[in-house]
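Trainee: I'd like to take a close look at one single part of this protein. Could you walk me through it slowly?

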Amino acid sequence: MSENIQEGLILLVDVGPSMHNVLPEIQKVCSLLIQKKLVYSKYDEVGVVVFGTQDTENDLTKEIGGYEHVTVLQPIKVVDGELVDVMQQLPRGTVPGDCILCLCYIIMHVMPVMFMFMFYVVNIGFKIGTLTWTIVMDAIVVGMDMLIKKYQETIKGKKRICLITNAMYPIKDPYEGTKEDQVSTIAEQMAAHGMKIDCIVFKGNQIQDIHDSIIKENDMLLSIFSKKTKAKAVHVESSTSLLGALRTRNIAPVTIYRGNLELSSTFKIKVWVYKKTSEEKFPTLKKYSDKAPSTDKFATHEIKVDYEYKSVQDPSKVVPPEQRIKGYRYGPQVIPISSAELEAVKFRPEKSVKLLGFTNASNIMRHYYMKDVNIFIADPGNKKAIVAVSALARAMKEMNKVAILRCVWRQGQTNVVIGVLTPNVSENDSIADSFYFNVLPFAEDVREFQFPSFSNLPVSVQPNSDQQKAADKLVMMLDLAPAGKEEALRPDFTPNPVLERFFHHLELKSKHPDAAVPPLDATLKRITEPDPELKKSTRRLLRDRTSGSIEGEVVKNEGQSTDLVASTSTTVKVETIGDTTPVTDFEAMISRRDSPEWVSKAIFGMKNKVFDLVENSYDGDTYPRALECLVALRRGCVIEQEPKQFNNFLHHLYRFCQEKDLQSFCEFLASKDVTLITKTEAEDSDVAEGDGRSLFVKTEADSSK
């Protein structure tokens, strides 16, 4: 089974008193980790060790003594549902789990042979009983011991330790040597045995009076693991970040391209291209067959699907593969095309990455980027390539330029990628400069959405200073990274809430097949629902602003709900323009954004309403209501930048009134100064600024004769 193992993992969890308030979140995080492994890596093996407990239970205590307050909750075993139950019942310890504390110099002499079950004290001059070991380091050594005993020299590079603690206690001095030396010794031993360690430090529950020097020293000692071995140390301040910090497994990056970056036919740079980001997709769900005998332990329960092709003329006759040919619809006909013809017309570009040209960075908008981000680095070990990439990146950065590339990542690839190369100049001397690459859209991929500027609208519908301040304040309240606080939803540590809930439900269904979908977890609610503090701020803003001015008319908010979220969610979606409140219905329809069709439906409906009111009037009794609807229609067409819709309608309405002997309505509109939408109000209008009233000039002249 070891050849199928993708990872052997030890979870080291601090359960000391200072961690009690966050242990429920840790239980959920570790349970989700096991649930994901059950789906993605069902042959992985996991062990669980906790430290800070009153009791002691581990092999090293029995073999050589020491290693107190470290308990092995679960020896290394293949992931299963029982592991989830173990993680959901973590004990609450009573002993502080000191962070990187004393580690005697004996480890430098004993560690290499200790795991071979030989212990030489004579050469050291110390007795093991006189040593003071740190609890967290004890736990790390216990975890190393479990991995080495379980796997020996197998699955090298697939052994990982994950430490979860708050690292908030002071560090004791060792009996011999320095703290750095002794932590380095353990890190070297981990590297020698092909182990990795991830350190997750939770900062959300730290005591305020802890001295900064203690925290800095702990962080410095944890960073030694990163320097000496394949390790990663992350600091999180919230349960949401904690949920995304613990990875199911660490996947080594794989290049998608190795070759030349061709700047010209004579200037080429050797580069490697990796994926910088990738979409976390839903797991592939396969069909499961329960027809295999329960006694068959090697049954795969897989379902295989086979297709038969039958003749239309004779449905009982099966057509063999050699008599089949692909067909493609062209109108009502189906055109047969052989596989040889398909191969002949296929586009087969050569593998290459070529420069098309440079442009100013301001010409490439952020919203043009498509798909995932790639990173270009110089060929490792190639000094000339490293210097060339650095020189090019720094020159582009200085001149504020980006490069446009044509990319074919592999031989035989049927599509060509056009993208933008952005310089990434490193501030760390030990990290070389590189480039970020983003795919750009082709013409057919671009979706043109017109969002006119408020400056193009008439003064009557432009926001006043109070409204502008309120909008600015709303934007600032939506800031995910306020000054002095951790970013609320850090991309690296924010999990996909849909996937997290899926794995939780999947594990629940494995135990209880009839279980309903569980409610959304409180931690996931912080990702998917509005921040409660933001909602409070919004309510306060609305309470303070008891009235507002709209086109000079004061509108009181008395008796209205101040809960913005509640009032929004309970709004009825209007789909037709009624007879009672046509203007309100029109404004509600034209404001809907769940489909682009609502704007045209609202305009069409309001046109019909105006026609009905004008045609069914008696001595002009409906003219005021028709005017109100017409003004609302004009305002909506200006906001939505649809001037031709209104202008054409007004011309049509004018001709309609002439034909139906309703000249009085045209005179009524002229007296109310209803005009065509001019080019000043909407760029798409064909009416010049001084010609807005041209439609009614003739009417006034005719009536004066």
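Trainee: In which sense do β12 and β15 pair, and over how many bridges?

Mentor: Strand β12 and strand β15, which covers residues 434–439, pair in the antiparallel sense, over five bridges. Before we dig in, keep in mind that this is a predicted model, with residues numbered from 1 along each chain as its sequence is written. Local features need pLDDT of at least 70 and side-chain atom pairs count only at pLDDT 80 or more, while totals for chains, interfaces and linings use all residues, and side-chain values use heavy atoms, leaving out hydrogens and water.

Now, strands here are DSSP runs of E with at least two residues, helices are runs of H or I with at least four, and both are numbered from the N terminus. Two strands pair if DSSP finds at least two bridges between them.

Find β12 at residues 370–378. Besides β15, β12 also pairs with β8, residues 268–275, again in the antiparallel sense and over five bridges. So you can follow β12 to two partners, β8 and β15. Want actual residues to click on? On the β15 side, F376 stands opposite F435. For the pairing with β8, look at W272: I377 of β12 is its bridge partner. Here's a handy rule while you look: in a regular strand, side chains alternate between the two faces of the sheet.

Let's zoom out. The protein has 17 strands, along with 21 helices. Of its 705 residues, 40% are buried (under 20% relative accessible area, with a 1.4 Å probe and protein chains only). Take the contacts (heavy atoms within 4.5 Å) with a separation of 6 or more: 70% of them join residues 24 or more positions apart.

For a bit of helix territory, try the largest nonpolar core (buried Ala, Val, Leu, Ile, Met, Phe, Trp, Tyr and Cys residues joined through side-chain atoms within 4.5 Å), which has 43 residues. The elements giving two or more residues to this core are α16 (582–591), α17 (597–615), α18 (623–639), α19 (643–659) and α20 (663–671). Among the residues with the most contacts inside the core are F586, L630 and F665. Leaving aside residues up to four places away in sequence, F665 touches V614, Y623, A626, L653 and C657. Apart from that core lies another one, with 38 residues, including V49, V70, I76 and I161.

Notes
Buried means under 20% relative accessible area, exposed over 50%, partly exposed in between (1.4 Å probe, protein chains only).
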